[in-house]
Structure formats: structure tokens, C-alpha cells
Amino acid sequence: QIENKYYFLSGNDADINGMVKVYRSHIGVSEETGEDYMYSADPEVTLALIGGIRKKVSFLGLPGMRNLPVTSFKTASEMIMGLSDLGIENINVRYLQWSRSLIDSKIPSGADPHRVLGGSRDYRELVENLEQGGIALFPDLDPFHFTKTNFPFQQFFSATRNLNGQINKYYPYTINLFNKDYGKPFQYILNAAALSRTWPKLLNSADKLPSENLSFSSLGQVLSADYSDKQSPMEVWQAYDRDSGMIFDASDRADQLMLSFPNLPAGAIADIITEVPDSSGFDMTGYSVPFYQMVISGRIKYTGEAVNLSPGGTRSGFLRTAASGGDLYYALTPDDTSDKLNDTEYADWISTSYSDISVLIKQQQEELKTIYSKLGSRIPEGREEPEPQIWKCFFKGGGELWINFRGDDVMIEGTLIPAKGYVIKKGGADETYPE
């Protein structure tokens, strides 16, 4: 059953902030919850690491699929502790592609550290090292996708199907183009019947891990109808209800739960939400507003998309994070791994090597801390775009952040905003960066 609700706003609430209040109430977010965190000027840093990949390579002149390590458990420990030694604080680590089923790309029913990365013993040492350093580890799990089957034709029994009864195949997209890349491996999505069997197994396996936090980057994002059972098909809204229950299951098992830009309201139970776009796709009179961030701010810690993967460059990615009041998010790889990532789903992880961004992370964390300190609040209350690539960002308590994404200085309403810089306005005073 689908139900539509309409809320008519009036008076001072007949604006975007009134809409935010209604939606916060709808998803159970009080105005008081989490305010202390969002007034804190200390931004957290979340790092995404790739454990291993499965890739076609040539061995003794013969092509074949092989599992290759990208960031072993020992290397991950060395890199993260190195960042901590630089003085970077409040670090969270999302570990992608670390388990046997993830790297092998098999049906996900277990959470066992892959031996190509060092196995269970090295994984346990990683957890212990990070815990001693006060660093939170979030091993990422994907309950939906698989490419390789355990026996021939397994996909005919385990993959979702469309209305015509055909098995759904999901291909990656080519970089900077909007067409499918048929040269890369496609993925299947588990159908409802198979998922009902594998999901409890995956959670039970995760319970045995030494780390208490969990990440599910696909949970709350992947909504797929399934017509593999003609007698009881699953429509998209039914998949949403099922996935909402899965989010609550995951939250019950994890000390802290990390999700990637999940659907609301179910996603509001997460402790950290990553990769929230700087615009939620909600437009007001020609400019976009960070509606999603405005709704969850004060309740959930959140980040923008990876700063160093921003299409406009690292500086642009940083400014977009500051505009949303969020924490910092980076993609991180060991040095000299770019060749391994070619022709994989991570081929766009450019400028992610440890030596290239380690010092930058420290600098940007300090700069963002200064911005939030001077604004007095990290809770966004709106945004305007007086000219293309010029943002006026408004925060609770009256602070304003005017940002210039252009490559030249711009004068707006008597205020000079430097190229790739910003002006902080609070209490009638202006502070410009860079000066």
C-alpha cells in the first residue's frame, strides 16, 4: 500500500526551513538531538580504502581473472597510523573490498578476511592497532551484488529478473561518459528469495569480527524490483520496506553504522552517512539547496563526496564540504597502485595515493576547523547562488559562508571573494581566505 501525505506550510514556516522542520519530524529527528556535535568545530576525517580487486591479467602468457591486493591489512595499518602521527584527528576508516566474498565477487553470505590481504590474523592486528590509536574501523559489506557463482547457472536461481523474466545485469559506466562499459565485468543483484537466506548468514558472520562497527555502502541505495517469483513479485516500494528492515538489523548488530547516502527515513538510524551530494536535487528558483544535509544535521554525522575525487579538483571538493557543514571524506590508496586499478570500477581513483594527499588532509582538517569555529555552527539553513559558481551559505546562529568556485576574484554585493576562496560573515565582520 502506498500512502501520500501533504503538509501545508504557512507564516514564517512557508519556506525551505519550514519544509526541513516537517521532514525532520517525519523521520523522527528532534531539534535537540545531536546539537552538541554539530556545534563542535572539530571535523572528522573518513578515509575509504580498497582492500583487493578481481581483475583480468596475463599469467605465463595466458589471460585470466586473479585476485590482487591493493591495500593489505598491514599496509592499511601503516598508512592510517602514519596519518595519525601527522596530527590528523578523529579518523574513521571505511575498508572496501576486504572480505573473501567481496574480492571473489561471490554471493555475499560471509564476512571472512581475505587471505590475499593477510588473512584473519593480520586483520585482527589491524583492528587492535587502530583501536589503540582511537581510530574507528568500518569494514564494508555488500549484501546485494555478485558476479561469480558457486556452481554453473546459479544466477538463474539467485539473480533478480525483470518483467520479461530476463536476468538483470548491471554494468559499470565509462568515466566521463553516460554509457555502459561492456568491457568490464557486470554484476547481478540477489533476488528476494536468495537474499532472505544469505542476509542472516552475513550478519552472523559479521558478529564474529573483532571490529564492532560496520559499513554497508550499498544498503539503502540499491532498490531493485524483482520478478523472479511470478506468484509473489517484489515491487520497488516493497524492496524499500525490506531494505529498511535490513538497515535496522545492521544497526542492532553494529556499535556504529556507516551508510552511503541512503534513502530516508530508514537511513536516519545511521551514525555516519557518507558521500552526500552538495545538492540534494531539490531546486528553488534556479538554485539548489542542501536539503538532505539540512534534514539530518544535528542528528547524524555526514560527509560530502570524496574531496580528492571531486570533478572540480581537490580545492573544489573541500569548499563543497565546508558549504554543507559536513565532515571530510577521502579516497586513499598506497603509492604506485594506479596500474592495478585500471580497467576496474575504481579506475577513477586518481590523486588518491598516500604520499600525494597525506599532508593535504592535515591542512584541510585544520582549515575546516577554523571555518566552523568562526561560523559558530555547522548546521546549514540554506543556500543562494547570486551568480554561477558563487554560493552564499547560511548557518544556524547567523553565520554566512560566501564561496567563489571560479578561477578569478569576484565582487558580490560589495564583498570581494578571492578565487577558489571564501568570506566568512559573522556578527557584522568579514574574514577572507586567502587574504
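1. Lining of the second largest pocket. In this predicted model, helix H1 (16-26) contributes four residues to the lining of the second largest pocket, and no element gives more. Helix H8 (236-253) is the other element that supplies two or more residues to this lining.

2. Volume and centre of that pocket. The second largest pocket holds about 560 Å³ of space. Its lining consists of 15 residues, and those closest to the centre are Glu-3, Lys-5, Tyr-7, Tyr-23 and His-26.

3. Character of the lining. Which class of residue is most frequent in the lining of the second largest pocket: nonpolar, polar or charged? The count is ten nonpolar residues against two polar and three charged ones.

4. Largest nonpolar core. This core has 89 residues. The members that touch the most others are Leu-47, Ile-80, Trp-98, Phe-216, Ile-371 and Leu-401. A further core of twelve residues lies apart from the largest one, and includes Ile-53, Leu-96, Tyr-329 and Leu-341.

5. Surroundings of Leu-47. With neighbours within four places in sequence left aside, Leu-47 is in contact with Ile-80, Leu-83, Ile-91, Asn-92, Val-93 and Arg-94, and also with Tyr-330, Leu-332 and Ile-361. Of these partners, Ile-80 is itself listed with Leu-47 among the core residues that touch the most other members.

6. Cis peptide bond at Pro-265. The bond between Leu-264 and Pro-265 is cis, with omega about 10°. Pro-265 sits in the loop that runs between strand S9 (257-260) and strand S10 (272-274).

7. Cis peptide bond at Pro-434. Tyr-433 and Pro-434 are also joined by a cis peptide bond, for which omega is near -10°. Pro-434 belongs to the segment after strand S21 (429-433).

8. Positive phi at Ser-105. Ser-105 is not a glycine, yet its phi is positive, at about 60°. The residue is in the loop between helix H4 (100-104) and helix H5 (119-132). Is Ser-105 buried or exposed? Its relative accessible area is 15%, so Ser-105 counts as buried, the limit being under 20%.

9. Positive phi at Ser-351. Phi of Ser-351 is likewise positive, near 60°, in a residue other than glycine. Ser-351 is placed in the loop between helix H11 (338-341) and helix H12 (354-375). Its relative accessibility is 42%, so Ser-351 is classed as partly exposed.

Note on methods:
Residues are numbered from 1 along each chain as its sequence is written. This is a predicted model: local features need pLDDT of at least 70, side-chain atom pairs count only at pLDDT 80 or more; totals for chains, interfaces and linings use all residues. Side-chain values use heavy atoms; hydrogens and water are left out. On a 1 Å grid over the protein atoms alone, a cavity is a set of points where a 1.4 Å probe fits but cannot get out, and a pocket is an open set with protein on both sides within 12 Å along at least five of seven lines; lining residues have an atom within 4 Å of a point. Grid points are joined across faces, edges and corners, and a volume is the space filled by probe spheres set on the points. Ala, Val, Leu, Ile, Met, Phe, Trp, Tyr, Cys and Pro count as nonpolar, Asp, Glu, Lys and Arg as charged, and the others, Gly among them, as polar. A nonpolar core is a set of buried Ala, Val, Leu, Ile, Met, Phe, Trp, Tyr and Cys residues joined through side-chain atoms within 4.5 Å. Buried means under 20% relative accessible area, exposed over 50%, partly exposed in between (1.4 Å probe, protein chains only). Contact means heavy atoms within 4.5 Å.
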